Amino acid sequence: MSGYGTPAHQAVEQEDAETLARLLAEGADPDEVFNSMTLLTHAIDTEGDGALQTGEPLTVHTTAVLLAFGADPELADPGGRTPMEQARVYGHHLASNLLSAHVAKRGVAGR
């Protein structure tokens, strides 16, 4: 393990969607928590912070991989911050749109 805890959190920190997908396919928990973040809030944080620091456009690939593997789009991290709140902090409209779509699908499926 590294300073980012688990291999899945390390993949998120490096925005390595391919490794993240492999780890999830091998059984890593998409709702895993390390330190103060779920994998999903960590992904949104990393994508948003990376764009701020580099000036590059926002990416959403690690968020999309996590949602594709069943990460709960409404699961709050240990501090009570939801993925949507994390997306709003960074103005991460791509993640917000993806999260909204997944929440809407869950609502329809639950009827």
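**Exercise 1. Helix α3 against helix α5**

Task: In this predicted model, find which residues of α3 meet which residues of α5, and work out how the two helices are oriented.

Solution.
- Step 1. List the α3 side. It consists of L40, T41, I44, D45, G48, D49 and L52.
- Step 2. List the α5 side. Here P83, Q86, A87 and Y90 make the contact.
- Step 3. Sort by class. The contact of α3 with α5 has six nonpolar, three polar and two charged residues.
- Step 4. Take the geometry. The α3 and α5 axes lie 9 Å apart, at an angle of about 5°.
- Step 5. Apply the cut-off. Angles under 35 degrees count as roughly parallel. So α3 and α5 are roughly parallel to each other.

**Exercise 2. Helix α3 against helix α4**

Task: Determine the orientation of α3 relative to α4, the hand of their crossing and the make-up of their contact.

Solution.
- Step 1. Locate the helices. α3 spans residues 39-54 and α4 spans residues 61-68.
- Step 2. Read the packing. The angle is about 165°, and the axes are 8 Å apart.
- Step 3. Classify. That angle makes α3 roughly antiparallel to α4, since angles over 145 degrees fall in that class.
- Step 4. Assign the hand. The crossing of α3 past α4 is left-handed.
- Step 5. Name the residues. From α3 come L39, L40, A43, I44 and E47. From α4 come H61, T62, T63, L66 and L67.
- Step 6. Sort them. The contact of α3 with α4 holds six nonpolar residues, three polar and one charged.
- Step 7. Look back at α5. L40 and I44 meet α4, and L40 and I44 also appear in the contact with α5.

**Exercise 3. Helix α2 against helix α4**

Task: Describe how α2 and α4 pack, and say which residues make the contact.

Solution.
- Step 1. Take the geometry. α2 and α4 pack at about 15°, with axes 9 Å apart.
- Step 2. Classify. α2 and α4 are therefore roughly parallel to each other.
- Step 3. Assign the hand. Their crossing is right-handed.
- Step 4. Name the residues. A17, L20, A21 and L24 of α2 face H61, T62, V65 and L66 of α4 across the contact.
- Step 5. Sort them. Six residues of the contact of α2 with α4 are nonpolar, two are polar and no residue is charged.
- Step 6. Compare lists. H61, T62 and L66 of α4 take part here, and H61, T62 and L66 are also in the contact with α3.

**Exercise 4. The two sides of α2**

Task: Find which residues of α2 are buried and which are exposed on the other side.

Solution.
- Step 1. Pick out the buried residues. In α2 (residues 17-25), these include A17, L20, L23 and L24.
- Step 2. Place them around the axis. They cover an arc of only 125°, which puts them on the same side of α2.
- Step 3. Turn to the other side. E18 and A25 are exposed there.
- Step 4. Find the packing partners. The buried residues of α2 pack against α1 (7-13) and α4.
- Step 5. Look past the helix end. Just after α2, G27 has a positive phi of about 115°.

**Exercise 5. Positive phi outside glycine**

Task: Locate E15 and N35, and state their phi values.

Solution.
- Step 1. Recall the background. Most residues other than glycine have a negative phi.
- Step 2. Take E15. Its phi is near 50°, a positive value. E15 sits in the loop between α1 and α2. Its relative accessibility is 25%, so E15 counts as partly exposed.
- Step 3. Take N35. Its phi is positive, about 60°. N35 sits in the loop between β1 (33-34) and β2 (37-38). Its relative accessibility is 67%, so N35 counts as exposed.

**Exercise 6. L75 and T38**

Task: Is T38 buried or exposed, and which residues does L75 touch?

Solution.
- Step 1. Place T38. It belongs to strand β2.
- Step 2. Judge burial. With 2% relative accessibility, T38 counts as buried.
- Step 3. List its contacts. Leaving aside neighbours within four places in sequence, T38 is in contact with H9, E32, V33, L75, A76 and D77.
- Step 4. Move to L75. This residue lies in the loop between α4 and α5 (83-90). It is partly exposed, at 30% relative accessible area.
- Step 5. List its contacts. Not counting residues up to four places away in sequence, L75 touches D31, T38, R81, T82 and P83.
- Step 6. Relate L75 to α3. L75 and L40 are 35 residues apart in sequence, and their C-alpha atoms are 8.6 Å apart in space.

Conventions:
Residues numbered from 1 in each chain as written. Predicted model: local features only at pLDDT ≥ 70, side-chain atom pairs only at ≥ 80, totals over all residues. Heavy atoms only, no water. Axes fitted to C-alpha atoms, helices over the stretch in contact; angles between N-to-C directions. Helix = DSSP H or I, 4+ residues; strand = E, 2+ residues; numbered from the N terminus. Parallel < 35°, antiparallel > 145°, perpendicular 65-115°, else oblique. Left-handed = near helix turned anticlockwise from the far one by under 90°. Contact = heavy atoms within 4.5 Å. Nonpolar A, V, L, I, M, F, W, Y, C, P; charged D, E, K, R; others polar. Buried < 20%, exposed > 50% of the residue type's maximum accessible area, 1.4 Å probe, protein only. Arc of directions from axis to C-beta.
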